Amino acid sequence: MNIKELDKKYVADTYARFPIEIVKGEGSKLYDDTGKEYIDMGTGIGVNIFGVGDREWVSAVTNQLNTLQHTSNLYYTEPCVNLAQILCEKTGAQKVFFSNSGAEANECAIKCARKYAADKKGAEYNKIITLNNSFHGRTITTLAATGQESFHKDFLPLTEGFLYADAGDFDGVKSLVENNKVAAIMIEVVQGEGGVVPLDKAFVKNIAELCESEDVLLIVDEVQTGNGRTGALYGYMKYDIIPDIVSTAKGLGGGLPIGATMFFPKAANVYVPGTHGSTFGGNPVSCAGAFNIIKRLDDAFLKSVEEKHDYIINELSDAEGVKGITGLGLMLGIETERDVNEVLKECQENGVLPIKAKNKIRLLPPLNIPFEDLEKAVKIIKNALRGA
Ligand SMILES: *Cc1c(COP(=O)(O)O)cnc(C)c1O
C-alpha cells in the first residue's frame, strides 16, 4: 500500500486531505514524493512563518535539542524564561503561560477570566461572550467558544456559559453584557477560519471600552493573527487597544507546537501555584525556536510584511475572477468568481499551495517569502482565478 492508502487505513479519518504527499521543503518551497516543486502559500496553516528549514531557527532549535529536550515545569529552564521576557517586553504583557496549541492557549485564557471574575465579583460571573463566525479551537470548551453551530453538532453538551453576538453589532454585545453576569469577551481581530474577516476598528474599540468600564476581561485570540502575520507583532496592535489576555500559537513556534497566553495587568496575578499547568508547556526546544522567531519580528521586518501585502493587493484586487480580498498583512482571503475548489486545484497543479477559509482562497505565505517566489505564486494564482 502507498502512503495515501496506509493513511486512510491507519490514521483517524478527521481530515479531508489534498491528494499530495509533502516530503521536504526549503524556504518557501515544498516538494512532493514525485519531486514536484510548490510555492508554499499556506505554511501549514500559518505556522512556518520563516519557511522550511530556516537556518537561524533550526540552529536555535537543534542547539537546545542537543542540550536538553524537556524537564517538566517542576524545574526552572532558561529558554522558557527568555521567551516569556521577550514577549512581555514587546507587548506590555506582565506574565505568560505556555502550553502546546491554540486551543490550550484559549482554555488557559478562559479559565483565567473565570477565576478573575470569581475572585472579584463572585462565581456566578462566569459568562463568556464570543462572536458568531469565530473559531477558537476543537476542545469541548473552545468549541463552545466557537460561534459556529456546524462545529457543535454531534458533541453536545458543550461547556456551559458561552453567549454569542454578531461581529460588528456593538449594541448586541452591550446588551449581552448588561443582561448577564459576564466574565469576559473573546474576539479574533481577524476571523481566520471564518473567512479571513477583519473586525471593524470602531467595534473593537467600543468593546475594549465596554470591557474597561464593566470590569469584564477582553481576551484577544491571536492564535492565527499573532506573531507578525498581520504586519503588526500582534493583530490587536493595529486596533489601538490593550487587551487583558492575548492567546497565541500557530506561528509562534515557527513549526514546533507551542501555545502562549499573555496576561496584561488585570489578569497577571490570577493564577497561583496549583491552579493551572501543563506537562509539555514551556518545553525548552519549542521555546528556544519561538524566542528566535519573536526576536526577529522587528519593525523593519514587519514593514516588509506590509510591502508584500501591498504587492498582493495591487496585483489581485482588480484581477479577473476576483470578487474581493479581505484580511491584514500576509493573512488574506480572496473571494472568487469561480468555484473555490477549482481554483485551488488549478493552483496545486501549477505548483502553488494556498489553502481555503470558508468559500475563499486563503493566503498565509511565509512572512519572509522572497519577492521572486511571491511574484511567481501570484501569477499562477491570478491565472487560476481567471480560469482557462
Ligand atoms: C487555529 C486556531 C485555533 C486552534 O489552534 P490549535 O493549535 O489547532 O488548537 C484557535 N483559534 C484560532 C483563531 C485559530 O486560528
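Is Arg 296 buried or exposed? In this predicted model, Arg 296 is buried, since its relative accessible area is 17% and burial requires a value under 20%. The sections below place this residue among the salt bridges, then turn to the ligand site, a surface patch and the backbone.

## Salt bridge between helices α10 and α3

Arg 296 pairs with Glu 56 in a salt bridge whose closest N and O atoms are 3.8 Å apart. The two partners come from distant parts of the chain: Arg 296 belongs to helix α10 (residues 284-296), Glu 56 belongs to helix α3 (residues 55-65), and 240 residues separate them. Arg 296 is buried, whereas Glu 56 has a relative accessible area of 42% and is therefore partly exposed.

## Other salt bridges

The count of salt bridges in the model comes to 17. Side chains of opposite charge can pair when their charged atoms come close. One of these pairs is formed by Lys 266 and Asp 215, with 2.8 Å between the closest N and O atoms. Lys 266 sits in the loop between β12 (259-263) and α10, and Asp 215 in the loop between α9 (201-214) and β10 (217-221); the pair thus links distant parts of the chain, 51 residues apart. Asp 215 is buried, because its relative accessible area is 17% and the limit for burial is under 20%. Lys 266, at 26%, is partly exposed.

A further pair is made by the side chains of Lys 382 and Glu 315, which meet at 2.9 Å, N to O. Here helix α13 (residues 371-386), holding Lys 382, is linked with helix α11 (residues 299-316), holding Glu 315, and the two residues are 67 apart along the chain. Lys 382 counts as partly exposed at 25% relative accessibility, and Glu 315 counts as partly exposed at 28%. In addition, Lys 29, Glu 37 and Asp 373 are joined in a network of salt bridges.

## Ligand site

The ligand is surrounded by Ser 101, Gly 102, Ala 103, Asn 106, Phe 135, His 136, Gly 137, Glu 188, Asp 221, Val 223, Gln 224 and Lys 250. By class, this shell consists of three nonpolar, six polar and three charged residues. Helix α5 (residues 102-120) makes the greatest contribution to the shell, with three residues.

Contacts with the ligand involve both backbone and side-chain atoms. A backbone N or O atom of Gly 102 lies 2.8 Å from a ligand oxygen atom, and a backbone N or O atom of Ala 103 is likewise placed 2.8 Å from an oxygen atom of the ligand. On the side-chain part, an N or O atom of Asp 221 is 2.8 Å from a nitrogen atom of the ligand. Taken alone, the ligand exposes 380 Å², of which the protein buries 81%.

## Nonpolar surface patch

Met 1, Ile 3, Leu 6, Tyr 10 and Val 11 make a nonpolar surface patch of about 520 Å². Leu 6, one of these residues, is found in helix α1 (residues 3-10). The relative accessible area of Leu 6 is 31%, so this residue is partly exposed; membership of a patch requires a value over 30%.

## Backbone features

Leu 156 and Pro 157 are joined by a cis peptide bond, with omega about 0 degrees. Pro 157 is placed in the loop between α7 (149-152) and β6 (162-165).

Positive phi values occur in residues other than glycine. Lys 250, a member of the shell around the ligand, has a positive phi of about 20 degrees. Lys 250 lies in the loop between β11 (245-248) and β12 and, at 23% relative accessibility, counts as partly exposed. Lys 358 has a positive phi near 55 degrees and is located in the loop between β16 (355-357) and β17 (360-363). At 43% relative accessibility, Lys 358 also counts as partly exposed.

## A contact across the chain

Glu 306 lies in helix α11 and is partly exposed, with a relative accessible area of 23%. The C-alpha atoms of Glu 306 and Ala 232 are separated by 8.9 Å, although the two residues are 74 residues apart along the chain.

Notes: Residues numbered from 1 in each chain as written. Predicted model: local features only at pLDDT ≥ 70, side-chain atom pairs only at ≥ 80, totals over all residues. Heavy atoms only, no water. Near = heavy atom within 4 Å. Polar contact = N/O pair within 3.5 Å; in protein donor to acceptor, adjacent residues only side chain to side chain. Areas by Shrake-Rupley, 256 points an atom, 1.4 Å probe, with all protein chains shown as cover. Helix = DSSP H or I, 4+ residues; strand = E, 2+ residues; numbered from the N terminus. Nonpolar A, V, L, I, M, F, W, Y, C, P; charged D, E, K, R; others polar. Patch = residues over 30% accessible without salt bridge, like charges linked within 9 Å, V, L, I, M, F, W, Y side chains within 5 Å. Salt bridge = Lys/Arg side-chain N within 4 Å of Asp/Glu carboxyl O. Buried < 20%, exposed > 50% of the residue type's maximum accessible area, 1.4 Å probe, protein only.
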